[in-house]
Structure formats: structure tokens, C-alpha cells
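Student: I am new to this structure and would like a close look at a single part of it. Could you walk me through one helix and its surroundings?

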Amino acid sequence: MKDKTIKLLNKKGLRLDGRKLDELRSVKLEVGILPNADGSAYVEHGKNKIIVGVFGPREMHPKHLQRADRMVLRCRYHMAPFSVPERKSPAPSRRENELSKVIRDSLLPSLFVENYPRTGVDLYIEVLQADGGTRCASITAASLALADAGLPMRDIVVACAAGKVNGKIALDLMDTEDKLGDADVPVAYMPNLNAITLLQMDGKLSTKEFEEAVKMAIEGCKKISNIQKEALQTKYKVIKQEEVEE
Ligand code: ADP
């Protein structure tokens with residue numbers, strides 16, 4: 001049972017880390033950081049640190065997993081043993097298997113899978129440090145890594161959660177708020193298409209609170225989406241600069 005007596009908001013209505021209810025944690029994104037992968041991205045979202053490497057599209061192996069009419073997206077979300085205060089077993093847990101599927105499903109609508117028959121794309125997500133909201137930060141970085149790999153996409157998927165702490169709807173819960181709060185609603189979103197690709201809810205909310213949380217999460221997504229675009233632009237500015245200097 002979650003302990004509702006724990007104070008997650010101070011008298012001024014500020015949260016444990018000093019944020020306002022509708023304030024995001026700081027988000028930093030970088031692309032093209034792994035020379036051995038076809039595409040890559042790194043995200044720092046609050047204390048979360050996550051790295052993503054993409055391979056493909058390439059011929060799908062083993063062949064029996066090939067689809068004659070589409071590309072297959074495979075995704076592995078993994079938390080490093082040192083990513084949380086108590087050593088986590090490196091073996092894939094039920095939670096990691098579930099998140100791998102959830103992340104994959106949230107990215108698929110953005111891809112033109114029908115254009116790449118018999119191929120596969122592999123997404124490897126390594127959580128180096130976790131502090132609540134890793135599925136959202138992983139989706140944000142994974143979509144950027146797919147863009148970095150040069151895959152044509154309908155939109156870059158971005159994700160952010162909103163939830164409820166001490167009876168108030170709040171944006172982007174960190175681990176303590178997630179564990180001691182009342183609810184968490186992760187949302188993945190395609191801003192240009194105004195389409196949600198992932199919507200989950202952990203805990204209880206009234207219909208009005210749920211709608212408020214989704215609206216707040218989408219606003220958070222839009223802000224992170226701008227940081228995604230800046231990260232991609234930065235990479236190409238650096239390449240252009242190097243070309244000019246050569
Ligand atoms: P998300 O990271 O998407 O919020 P969860 O709600 O399942 O996913 O997890 C919330 C947080 O709980 C994680 O971000 C992480 O900080 C922490 N956590 C998850 N698994 C473990 C674990 N095995 N040991 C310790 N902390 C964990």
C-alpha cells in the first residue's frame with residue numbers, strides 16, 4: 001500500500017526537488033555518440049541516464065522471423081546492475097521484458113515498416129542510472145536514435161509522464177514521487193501528428209484528473225520534442241562545420 005501521509009509537497013506547493021507541479025526535470029539529449037552503431041542517442045532526464053544504439057534496417061536473422069511484407073522492430077530495454085541503489089540482477093526481469101515490448105509498440109506507429117520487407121531493426125536500450133520515468137526517457141532517446149540511423153519516420157516520438165502527488169496532478173514524477181505518489185500516467189506522443197502512441201496508468205485517478213494528467217504530459221512532451229530537434233540539428237551543424245574546415 002502506498003503511504004499517503006508522506007509529504008511530497010512543501011507549504012509553497014513545491015516538490016522534493018524544488019520543482020513546481022508543472023515543471024519538467026532537466027533534459028539533455030545527444031545523438032551519434034556510438035561509432036559502432038548505425039544510430040545512437042544519449043539522454044539525461046533528471047537523474048536518469050540512458051544510452052540507445054540502433055542497428056539496421058538490415059537483413060533479418062534468424063530468417064524465420066522475417067516478414068515478407070514489413071520490417072521487424074526488435075527492442076531490448078535493460079537496466080545495468082549499477083543503475084539503482086541496490087545491485088540489480090543483470091538477467092532480464094519480467095519488468096524489463098514488458099518495458100521492451102511497451103517501448104517497441106510506442107515507436108512502431110512512427111515507422112514506415114512496409115517499406116523495408118524482410119529486414120530487421122534492433123534497438124538496444126541500456127539504463128545506466130534510473131530515477132523514475134525510464135520508459136519515457138528511453139522512448140525519447142530511442143526515437144532519436146532511429147532518426148540518427150537515417151530511418152524515414154512519420155514523426156519523432158517523444159514521451160513524458162504526469163501523475164498525482166499529495167492529491168495534485170504533477171508533471172514528470174521522479175522515483176520517490178512515483179513510489180510514494182498516488183498515480184503515474186506515462187504518455188508517448190507524436191507532436192506533428194498530434195497522436196498518442198502509448199498511454200498507461202499506474203494507480204487511481206478520477207476521469208477529470210486523468211484528463212488533466214494526459215494534457216500536462218502532452219505539454220511536457222512538446223517541450224522535450226524541441227530538445228530532440230535541437231540535438232539532431234547540433235549533430236548536423238558539427239558535421240557541416242567539419243566539412244567547411246576540411
Ligand atoms: P519507469 O522507470 O518507466 O517509471 P517503473 O515505474 O517500473 O518504470 O519504475 C520506476 C522506477 O523504479 C525506475 O525508474 C527505477 O528508478 C526504479 N526501479 C525499477 N526497477 C528497480 C529495481 N529492480 N531495483 C530498484 N529500483 C528499481
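Tutor: Here is a look at helix H2 and its contact with helix H4. A quick note to begin with: this is a predicted model, in which local features need pLDDT of at least 70 and side-chain atom pairs count only at pLDDT 80 or more, while totals for chains, interfaces and linings use all residues. Residues are numbered from 1 along each chain as its sequence is written, and side-chain values use heavy atoms, leaving out hydrogens and water.

H2 covers residues 134-148; helices here are DSSP runs of H or I with at least four residues, numbered from the N terminus. Its 15 residues should span 21 Å (1.5 Å times one less than the number of residues), and this agrees with the 20 Å between its end C-alpha atoms. Because 14 of those 15 residues are buried, H2 is largely enclosed by the rest of the structure; buried means under 20% relative accessible area with a 1.4 Å probe, protein chains only.

Now for the partner, H4, which spans residues 207-245. The two axes, lines fitted to C-alpha atoms over the stretch in contact, come within 11 Å and cross at roughly 30 degrees, on a scale from 0 to 180 degrees between N-to-C directions. From H2, the contact (heavy atoms within 4.5 Å) involves Thr140, Leu144, Ala147 and Asp148. H4 contributes Ile224, Gln228, Ala231, Leu232 and Lys235.

Finally, just after H2, Gly150 has a positive phi of about 90 degrees.

Definitions and conventions:
Helices (H or I, at least four residues) and strands (E, at least two) are DSSP runs, numbered from the N terminus. Buried means under 20% relative accessible area, exposed over 50%, partly exposed in between (1.4 Å probe, protein chains only).
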